[in-house]
Amino acid sequence: MSNNATESTQPAPRVGAPKTKTGNVIRDSALGLVPETLEPYVAMSLSLWADGPLSPADLEIARLRNARKVNCVFCRSVRYDIAKADGLTEQKVEQINDDYQNSQLSVREKLIIEYTDQYLNDPAAISDSLKARFCAMFNEAERIHLSLAIVLFNCFSRCAVSLGGMPDDLPVMEISVPT
């Protein structure tokens with residue numbers, strides 16, 4: 001390689017990955033080195049996606065907004081199959097940006113993004129306006145479900161970013177919710 005060639009800026013991972021592969025993208029990552037810690041999180045993730053009152057498309061909007069805010073390359077590139085089956089399209093995903101208020105997203109979808117942003121930025125500073133609109137749009141169970149989902153999404157994406165070793169960019173990939 002010549003000195004003028006552009007080299008990847010991909011940081012070296014700070015930890016490795018398990019030597020034995022399971023075929024599960026989460027368990028085959030560095031997180032798989034601590035299965036006793038990882039498994040409760042995987043179970044919680046499955047429960048959030050499969051058992052809660054919010055639709056997979058609603059959850060995916062919050063997950064993708066979190067990924068954008070944290071700048072997790074992997075999380076930004078993943079699309080969960082159940083969210084796509086629930087109607088989340090790449091056209092909608094492209095609108096989960098800083099100009100989302102002027103997008104074609106529904107009022108509900110915009111509110112999910114606004115709440116996710118506020119939750120990530122300063123959860124104690126939710127304005128009276130946001131609180132009123134949020135409470136009018138979502139019932140109590142949905143509000144709790146969304147809040148817990150954001151916590152889990154943020155936990156995994158921050159962990160992935162902090163462990164390093166991700167490429168600068170990844171193609172969009174569809175995966176199944178870990179079971």
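This is a short tour of a predicted model, stop by stop, with something to select at each one.

Residues are numbered from 1 along each chain as its sequence is written, and side-chain values use heavy atoms, with hydrogens and water left out. In this predicted model, local features need pLDDT of at least 70 and side-chain atom pairs count only at pLDDT 80 or more, while totals for chains, interfaces and linings use all residues.

**Stop 1: helix 8**

Start by selecting residues 140-163, which form helix 8. Helices here are DSSP runs of H or I with at least four residues, strands are runs of E with at least two, and both are numbered from the N terminus. How far apart are the end C-alpha atoms of helix 8? They are 35 Å apart, which agrees with the 34 Å that its 24 residues should span at 1.5 Å a residue. The expected span is 1.5 Å times one less than the number of residues.

Now look at the start of helix 8, where a side-chain oxygen of Asn139 comes to within 3.0 Å of the backbone nitrogen of Ala141. Then go to the other end: just after helix 8, Gly164 has a positive phi of about 75°.

Next, colour the buried residues of helix 8, among them Leu146, Ile150, Phe153 and Ser157. Buried means under 20% relative accessible area, exposed means over 50%, and partly exposed is in between (1.4 Å probe, protein chains only). An α-helix has 3.6 residues a turn, so residues three or four places apart point the same way. What covers the buried residues of helix 8? The cover includes helix 1, helix 2 (56-70), helix 3 (73-77), helix 6 (107-121) and helix 7 (128-137).

**Stop 2: helix 6 and helix 2**

Select Thr116, in helix 6. Thr116 counts as buried, at 0% relative accessibility. Leaving aside residues up to four places away in sequence, Thr116 touches Ala62, Arg65, Asn66 and Ile150; a contact means heavy atoms within 4.5 Å.

Arg65 also leads to a salt bridge: its side chain meets that of Asp117 (2.7 Å, N to O). Asp117 lies in helix 6 and Arg65 in helix 2, so this pair ties together parts that are 52 residues apart in sequence. A salt bridge is a side-chain nitrogen of Lys or Arg within 4 Å of a carboxyl oxygen of Asp or Glu. Both partners are buried, Asp117 with a relative accessible area of 10% and Arg65 with 2%.

For another salt bridge, show the side chains of Arg108 and Asp58, which meet at 3.0 Å, N to O. This pair links distant parts of the chain, with Arg108 in helix 6 and Asp58 in helix 2, 50 residues apart. Is each partner buried or partly exposed? Arg108 is partly exposed, with a relative accessible area of 22%, whereas Asp58 counts as buried at 9%.

**Stop 3: strand 1 and strand 2**

Move to Glu90 and Arg79, whose side chains meet in a salt bridge (2.7 Å, N to O). Glu90 lies in helix 5 (residues 90-94) and Arg79 in strand 1 (residues 78-80), so the pair ties together parts that are eleven residues apart in sequence. Glu90 counts as partly exposed at 31% relative accessibility, while Arg79 is buried, with a relative accessible area of 6%.

Keep Arg79 in view and add Met173, in strand 2. Not counting residues up to four places away in sequence, Met173 touches Phe74, Ser77, Val78 and Arg79. Met173 and Val78 are 95 residues apart in sequence, with their C-alpha atoms 5.1 Å apart in space. Met173 is partly exposed, with a relative accessible area of 24%.

Just along the chain is Ser176, in the segment after strand 2 (173-175). The side chain of Ser176 makes a polar contact with the side chain of Asp81 (2.8 Å). A polar contact is a pair of N or O atoms within 3.5 Å; within protein, one must be able to donate a hydrogen and the other to accept it, and residues adjacent in sequence count only if both atoms are side-chain atoms.

**Last stop: a loop residue**

Finish by selecting Asn71, in the loop between helix 2 and helix 3. Its phi is near 65°, a positive value in a residue other than glycine. Asn71 counts as partly exposed, at 47% relative accessibility.
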